[in-house]
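Student: I would like a close look at a single part of this structure, the nonpolar core. Please take me through it, and then through what surrounds it.

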Amino acid sequence: MEEDTKYIAKCIELAKQGLAQGQAPFSSIITKDGQIIAESANGSRDKISDHAEILVLDKAHKFLKSPDLSGCVLYTICEPCPMCSFMMREYRISKVVYALKSPFMGGHSRWPILQDDEITQFKDYFAPPPKVIEGIMEDEAKKVFDQTPLWMFGSNPKKK
């Protein structure tokens with residue numbers, strides 16, 4: 001739990017940096033054996049598919065020289081969307097930790113991609129569901145999102 005908090009705090013800082021550069025405040029980190037191997041802020045203003053999670057998965061893949069990221073933990077400021085969630089399953093991420101829930105677009109709470117055991121039957125493509133931990137530093141992450149018009153994130157996104 002202490003390690004999860006440490007890396008979510010770093011995601012929050014990366015999200016603030018991205019926000020200062022005109023990006024949406026999303027960010028992700030991937031660790032292996034307790035060490036950061038990749039990190040990224042969002043890039044979707046420049047290219048729609050460049051979500052922070054997609055960028056960090058690509059960086060980790062290149063760093064490890066393998067598409068098999070088993071044993072890796074992906075930290076992200078916000079619950080991954082369906083696109084990112086499928087990619088995490090394909091890259092075989094073992095654990096996903098996020099701060100803010102995304103009840104409108106989440107690949108965990110809205111569309112249960114991260115916990116879908118049925119797609120595991122396609123073993124060449126999808127790993128078993130990763131362990132998922134949500135709500136780490138949610139209040140701190142929400143403060144970053146409150147600086148944007150992205151009102152649809154957090155456990156009670158309609159409440160201001």
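Tutor: Start with the largest nonpolar core. It has 22 residues, and Ile8, Tyr75, Ile77 and Val97 touch the most other members. The elements giving two or more residues to this core are α1, β3, β4 (95-100) and α4. Helix α1 provides the largest share, 6 residues. Keep in mind that this is a predicted model. In soluble globular proteins, nonpolar side chains tend to be buried together.

There is another core, apart from this one. It has 18 residues, including Ile37, Leu57, Leu69 and Leu74.

Now take one residue of the largest core, Tyr75. At 0% relative accessibility, tyrosine 75 is buried, because the cut-off is under 20%. Leave aside its neighbours within four places in sequence. Tyrosine 75 is then in contact with Glu3, Asp4, Tyr7, Ile8, Cys11, Ser27, Ser28, Ile29, Thr31 and Val97. Two names in that list, Ile8 and Val97, also appear with Tyr75 among the core members that touch the most others.

Tyr7 is on the contact list too, and that leads to the rings. A pair of aromatic rings is described by the distance of the centres and the angle of the planes. The whole structure holds 3 aromatic pairs. One of them joins tyrosine 7 and tyrosine 75: the centres are 5.1 Å apart, the planes meet at 45°, and the pair is tilted. Tyrosine 7 lies in helix α1 (residues 2-20) and tyrosine 75 in strand β3 (residues 72-78), so this pair links distant parts of the chain, 68 residues apart. Tyrosine 7 is buried as well, with a relative accessible area of 3%.

Another pair is made by phenylalanine 26 and phenylalanine 145. This one is edge-to-face, with 5.3 Å centre to centre and 75° between the planes. Phenylalanine 26 is in the loop between α1 and β1 (27-32), and phenylalanine 145 is in helix α4 (residues 138-145), so the pair ties together parts 119 residues apart in sequence. Both rings belong to buried residues: the relative accessible area is 16% for phenylalanine 26 and 1% for phenylalanine 145.

A ring can also meet a charge. The charged end of arginine 110 sits over the ring of tryptophan 111, at 4.6 Å from the ring centre.

Return to the loop between α1 and β1. Glutamine 23 is found there. Its relative accessibility is 8%, so glutamine 23 counts as buried. Its side chain has polar partners in the backbone. A polar atom of the glutamine 23 side chain lies 3.5 Å from the backbone nitrogen of serine 44. For the backbone nitrogen of arginine 45, the distance to a polar atom of that side chain is 3.2 Å. Not counting residues up to four places away in sequence, glutamine 23 touches Gly18, Asn42, Gly43, Ser44, Arg45 and Asp46.

Next, helix α3 (residues 82-90). Its buried residues are Cys84, Ser85, Met88 and Arg89. They cover an arc of only 140° around the axis, so they sit on the same side of α3. The buried residues of α3 pack against α2 (52-64), β3 and β4. Strands β3 and β4 are thus a link back to the start, because each gives two or more residues to the largest core.

Look at one residue of α3, cysteine 84. Its relative accessible area is 0%, which makes cysteine 84 buried. Beyond residues up to four places away in sequence, cysteine 84 touches His51, Glu53 and Ile54. The C-alpha atoms of cysteine 84 and glycine 106 are separated by 9.6 Å, and the two residues are 22 apart along the chain. Just after α3, arginine 92 takes a positive phi of about 70°.

Finish with the segment after α4. Glutamine 147 is placed there, and so is proline 149. Glutamine 147 counts as exposed, at 58% relative accessibility. Proline 149 is exposed too, at 70%. A polar atom of the glutamine 147 side chain lies 3.5 Å from the backbone oxygen of lysine 143. Now the C-alpha distances. Glutamine 147 and aspartate 124 are 42 Å apart in space and 23 residues apart in sequence. For proline 149 and valine 132, the separation is 27 Å in space and 17 residues in sequence.

How values were computed
Residues are numbered from 1 along each chain as its sequence is written. This is a predicted model: local features need pLDDT of at least 70, side-chain atom pairs count only at pLDDT 80 or more; totals for chains, interfaces and linings use all residues. Side-chain values use heavy atoms; hydrogens and water are left out. Rings of Phe, Tyr and Trp (its six-membered ring) pair if their centres lie within 6.5 Å; planes under 30 degrees apart count as stacked, over 60 as edge-to-face and the rest as tilted. Helices (H or I, at least four residues) and strands (E, at least two) are DSSP runs, numbered from the N terminus. Buried means under 20% relative accessible area, exposed over 50%, partly exposed in between (1.4 Å probe, protein chains only). A charge sits over a ring if NZ of Lys or CZ of Arg is within 6 Å of the ring centre and within 35 degrees of the ring normal. A nonpolar core is a set of buried Ala, Val, Leu, Ile, Met, Phe, Trp, Tyr and Cys residues joined through side-chain atoms within 4.5 Å. Contact means heavy atoms within 4.5 Å. The arc is that of the directions from the helix axis to the C-beta atoms. A polar contact is a pair of N or O atoms within 3.5 Å; within protein, one must be able to donate a hydrogen and the other to accept it, and residues adjacent in sequence count only if both atoms are side-chain atoms.
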